[in-house]
Amino acid sequence: ARIMTIYGTRPEAIKVAPVIRALEGSGKLDSVTLVTGQHREMLDQVNDFFGITPDHDLDVFAQGQSLNELMGKMFTRLDRVLADDRPDAVLVQGDTSTVVAAAQAAFHQDIKVIHLEAGLRSGDLFSPFPEEANRRLVSQLASLHLAATSTARMNLLREGTSEATIAVTGNTVIDALLQAVRAEAPFEDERIADAVAQGRPIVLVTTHRRENWGSAMEGVGRALRRIALENPEWMIVLPAHRNPLVREAVLPQVTDVANVIISEPLPYDQFTHLLSACRIVLTDSGGVQEEAPSLGKPVLVMRENTERPEAVVAGTVQLIGTDEQRIVDEVSRLIHDQRWYDAIANAVNPYGDGRAADRTVAAIEHLFGLGDRLPDF
Ligand code: UDP
């Protein structure tokens, strides 16, 4: 069977990369890759690191386009490629516009849909932000649901998804992380290289999420400024997302603070190196909160709710919201209370053991009658 992996953003690229490699090694399946280009440089960085040259590139990126313009372009261009290539299934990951466009375009052409990282639910049915709707839409269309955890599997079962179509695999982000962190990539940014070489304690910060655009992100910026000024021996490192709305909200608050480093997005191997070198992670990212606990780093999540409750239950992350004072307080607590720090840092990561890609491929082989049973994590 021929599997077309379709992806469009940096986090998708990271999570599908180990699967693409495992598909290539399967011997029973053919692999073809398509990028939509929903992100551009950040996506290319990841493909470069993993040595993946996409077979198709739809190049849909344009600054400031609406979600509907983006979806329209993707539908039209995907329709043509799918009609020409006729894969037996498309594999999509996560909850972006790329995922919904690809799943629906495939569904309309009677091509099976395989959903990686299926079953995440924030429970917020009326969220004005697209991710939760995207997750639910792709669940309706998929023939195989690859759940990272048993919690995700339960969510799917509760919605009536057939048990025989779900496999629990662990999250492939851990496979990617363990590969990248081994590279111990040197830092191109000299300020980061120096901070790490000097053993400065580092708070690593990422923020990008649509629900935090605007005043919440301005509050994050003000909190970072206060944390930096109150803790001059610490460094705050913020690889700034390319989205101008993110940059306009956060950067003006911190550009003139000596112990805040604003960098461009880091290539994945440098980012994971920094993740392993930092002390505290402050983020609104999904992927980063899954990765950091595998390196023993406590994570403060700047969101009001989460589709990743396993991490909260396991104690690897604290959900702290975006209130400026709360962010300052929670970071201070981790800086000053070593027992609290250790309790979070030593909690066990529920997301994976680094072998999710092999389980994913075993589940896909099973879908096509090429493997005896669904794997389980
Ligand atoms: N990441 C990266 N470079 C950076 C920041 C993040 O490679 O400068 C990686 C990070 O390790 C994680 C992924 O990008 O695997 C997370 O992407 P993002 O936060 O944009 O999206 P989300 O995970 O929230 O969907």
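**Figure 1. Helix α2 and the elements around its buried residues.** In helix α2, which covers residues 41–50, the buried residues are M42, L43, Q45, V46, N47 and F50. The model shown here and in the legends that follow is a predicted one. The buried residues of α2 pack against two strands, β1 (2–7) and β2 (30–35), and against three helices, α1 (10–24), α7 (172–182) and α11 (268–277). An α-helix has 3.6 residues a turn, so residues three or four places apart point the same way. Directly after α2 comes G51, a residue with a positive phi near 70°.

**Figure 2. Helix α7 and its cover.** Helix α7 is largely enclosed by the rest of the structure, because eight of its 11 residues are buried. These buried residues are T172, V173, I174, D175, A176, L177, A180 and V181. Among the elements that cover the buried residues of α7 are the helices α1, α2, α11, α12 and α16 (356–367), together with the strand β5. The packing between α7 and α2 can also be followed from the other helix, since the buried residues of α2 pack against α7.

**Figure 3. The loop around S294.** S294 lies in the loop that connects helix α12 (286–291) with strand β12 (299–301). Is S294 buried or partly exposed? Its relative accessibility is 29%, and S294 therefore counts as partly exposed, a class that begins where the buried class, under 20%, ends. When residues up to four places away in sequence are not counted, S294 touches I174, L177 and N349; I174 and L177 are included in the list of buried residues of α7. S294 and P350 are 56 residues apart in sequence, while their C-alpha atoms are 9.2 Å apart in space.

**Figure 4. An open sheet of seven strands.** Seven strands with parallel pairing make up an open sheet, in which the order is β3-β2-β1-β4-β5-β6-β7. The two edge strands, each of which pairs on one side only, are β3 (56–57) and β7 (166–168). At the β7 edge, strand β6 (residues 144–147) runs parallel to β7 and is joined to it by three bridges. Within this pair of strands, A147 has V168 of β7 as its bridge partner.

**Figure 5. Two residues other than glycine with a positive phi.** Most residues other than glycine have a negative phi, and most peptide bonds are trans. D59, which is not a glycine, nevertheless has a positive phi near 50°, and D59 is placed in the loop between β3 and α3 (67–85). With a relative accessibility of 45%, D59 counts as partly exposed. E117, likewise not a glycine, has a positive phi of about 65°, but the place of E117 is in strand β5 (residues 112–118). The relative accessible area of E117 is 8%, and E117 is buried.

**Figure 6. Strand β8 and its pairing with β9.** All five of the five residues of strand β8 (residues 202–206) are buried, so β8 is largely enclosed by the rest of the structure. From β8, I202, L204 and T206 point one way, whereas V203 and V205 point the other way, and all of these residues are buried. Strand β9 (residues 235–239) runs parallel to β8, and three bridges join the two strands. One of the bridge partners is M235 of β9, which is paired with I202.

**Figure 7. The surroundings of S263.** S263 is part of strand β10, which covers residues 260–263. With a relative accessible area of 5%, S263 is buried. Leaving aside neighbours within four places in sequence, S263 is in contact with D189, R191, I192, L238, P239 and A240.

**Figure 8. The protein chain as a setting for the close-up views.** The protein chain contains 16 helices and 13 strands, and its C-alpha trace spans about 60 × 40 × 40 Å along the principal axes. For 377 residues, a compact globule would have a radius of gyration near 21 Å, and the value of 20 Å for the protein chain agrees with this. Buried residues make up 58% of the 377 residues. Of the contacts with a separation of 6 or more, 69% are between residues 24 or more positions apart. The accessible surface comes to about 15,000 Å², and carbon and sulfur atoms account for 48% of it. The chain carries 36 positive and 53 negative side chains, and the centres of these two sets lie 2 Å apart.

Terms used. Residues are numbered from 1 along each chain as its sequence is written. This is a predicted model: local features need pLDDT of at least 70, side-chain atom pairs count only at pLDDT 80 or more; totals for chains, interfaces and linings use all residues. Side-chain values use heavy atoms; hydrogens and water are left out. Helices (H or I, at least four residues) and strands (E, at least two) are DSSP runs, numbered from the N terminus. The radius of gyration is taken over C-alpha atoms; the globule rule is 2.2 Å times the number of residues to the power 0.38. Buried means under 20% relative accessible area, exposed over 50%, partly exposed in between (1.4 Å probe, protein chains only). Contact means heavy atoms within 4.5 Å. Accessible areas come from the Shrake-Rupley method with a 1.4 Å probe; for residues, only the protein chains shown count as cover. Lys and Arg count as positive and Asp and Glu as negative; His and the chain ends are not counted. The place of a charge is taken as NZ of Lys, CZ of Arg, CG of Asp or CD of Glu. Two strands pair if DSSP finds at least two bridges between them.
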